[in-house]
Amino acid sequence: MTVIGYAPGAYDLFHIGHLNILRHAAAHCDRLVAGVVADEVLLQTKGRLPVIPLAERMEIVGGLRCVDAVHAETVPDKLDTWREVGFDVIFKGDDWRGTAKGERLERDFASVGVEVRYFPYTMHTSSTVLRRALAAIEAGDPGIRAAALSS
């Protein structure tokens with residue numbers, strides 16, 4: 001049986017944390033589908049639009065050797081996405097483990113026989129930290145820039 005894995009994410013301002021989760025995910029399934037969350041869904045769920053538009057984020061992620069297919073995630077409900085894609089395991093960063101969102105994900109997917117597998121979250125780099133550093137650079141304050149990158 002072929003195990004299909006699904007690794008959803010915004011994949012905005014692509015960084016080493018994104019690459020780490022995709023590499024880990026690919027090593028734990030036979031076929032990896034990367035779900036790239038649509039701009040409108042990010043606005044709805046996170047309250048902000050991505051810096052990089054969906055089509056470009058999909059091209060970046062799809063260009064990686066470890067990714068077999070890319071899916072535009074246009075609905076906020078992961079079960080709806082599962083119905084569209086048909087995966088056996090979903091991969092998330094361990095920053096979701098033990099949270100209300102993570103517990104809901106586990107409960108929802110247990111009901112349809114999908115495993116939720118967590119991988120270590122890359123603490124030193126995130127899109128939020130990169131956004132903060134870019135804002136500081138734009139503001140022309142090198143002290144703020146250094147603080148943004150070190151947090």
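Trainee: Leaving aside neighbours within four places in sequence, which residues is Leu42 in contact with?

Mentor: In this predicted model, Leu42 is in contact with Ala10, Val37, Gly47, Arg48, Pro50 and Arg57 once those neighbours are set aside. Leu42 has its place in helix H2.

Trainee: What makes Leu42 count as buried?

Mentor: Buried means under 20% relative accessible area. Leu42 comes out at 5% relative accessibility, so it counts as buried. There's a long-range pairing here too: Leu42 and Thr74 are 32 residues apart in sequence, yet their C-alpha atoms are 9.4 Å apart in space.

Trainee: Let's step back to the fold. How many helices and strands are there in the protein chain?

Mentor: Seven helices and five strands. Going along the sequence, the pattern reads β-α-β-α-α-β-α-β-α-β-α-α. Of the 151 residues in the protein chain, 40% are buried.

Trainee: And what share of the contacts with a separation of 6 or more comes from residues 24 or more positions apart?

Mentor: That share is 71%.

Trainee: On to the cores. Which residues touch the most other members of the largest nonpolar core?

Mentor: That core has 23 residues, and Ala7, Tyr11, Leu22, Leu32, Val61, Val67 and Phe91 touch the most other members. At least two residues of this core come from each of helix H1 (16-27), strand S2 (31-37), helix H2 (39-46), helix H3 (54-62) and strand S4 (89-93). A second, separate core has eleven residues, including Ile90, Leu105, Val114 and Tyr118. In soluble globular proteins, nonpolar side chains tend to be buried together.

Trainee: Tyr11 was on that list. Why is Tyr11 called buried?

Mentor: The cut-off is under 20%. Tyr11 has a relative accessible area of 3%, so buried is the right word. Tyr11 sits in the loop between strand S1 (4-9) and H1. Not counting residues up to four places away in sequence, Tyr11 touches His18, Ile21, Leu22, Gly35, Val36, Arg57 and Val61.

Trainee: What is there to say about phi of Tyr11?

Mentor: Phi is near 55 degrees there, a positive value in a residue other than glycine. Leu13 also has a positive phi, about 50 degrees, although it is not a glycine. Leu13 lies in the loop between S1 and H1.

Trainee: How do you know whether Leu13 is buried or exposed?

Mentor: Put its value against the cut-offs: buried is under 20%, exposed is over 50%. Leu13 has a relative accessible area of 14%, so it is buried.

Trainee: And what about Ala34, buried or exposed?

Mentor: Buried, because its relative accessible area is 0%. Ala34 lies in strand S2. Beyond residues up to four places away in sequence, Ala34 touches Tyr6, Ala7, Leu22, Val61, Val67, Ala69, Val70 and His71. The C-alpha atoms of Ala34 and Gly62 are separated by 7.8 Å, with their positions 28 residues apart along the chain.

Trainee: His71 turned up in that set. Why does His71 count as buried?

Mentor: With the limit at under 20%, the 16% relative accessibility of His71 falls on the buried side, so it counts as buried. His71 is found in strand S3 (residues 69-73). Its contacts, not counting residues up to four places away in sequence, are Tyr6, Val33, Ala34, Gly35, Val36, Met58, Thr81, Glu84 and Val85.

Trainee: Where is Leu64, and which residues does Leu64 touch?

Mentor: Leu64 is in the loop between H3 and S3. Leu64 touches Phe14, Leu19 and Leu22, again not counting residues up to four places away in sequence. Leu64 and Arg23 are 41 residues apart in sequence and 9.3 Å apart in space, C-alpha to C-alpha.

Trainee: Last one, the helix pair. At what angle do the axes of H4 and H5 cross?

Mentor: The axes of helix H4 (residues 78-85) and helix H5 (residues 100-110) cross at roughly 40 degrees and come within 10 Å. Under 35 degrees would count as roughly parallel, and roughly perpendicular runs from 65 to 115. The crossing angle therefore makes H4 oblique to H5. H4 passes H5 in a right-handed crossing.

Trainee: Which residues meet there?

Mentor: Lys78, Leu79 and Trp82 in H4 meet Leu105, Asp108 and Phe109 in H5. By class, that contact has four nonpolar, no polar and two charged residues.

Notes
Residues numbered from 1 in each chain as written. Predicted model: local features only at pLDDT ≥ 70, side-chain atom pairs only at ≥ 80, totals over all residues. Heavy atoms only, no water. Axes fitted to C-alpha atoms, helices over the stretch in contact; angles between N-to-C directions. Helix = DSSP H or I, 4+ residues; strand = E, 2+ residues; numbered from the N terminus. Parallel < 35°, antiparallel > 145°, perpendicular 65-115°, else oblique. Left-handed = near helix turned anticlockwise from the far one by under 90°. Contact = heavy atoms within 4.5 Å. Nonpolar A, V, L, I, M, F, W, Y, C, P; charged D, E, K, R; others polar. Core = buried A, V, L, I, M, F, W, Y, C linked by side-chain atoms within 4.5 Å. Buried < 20%, exposed > 50% of the residue type's maximum accessible area, 1.4 Å probe, protein only.
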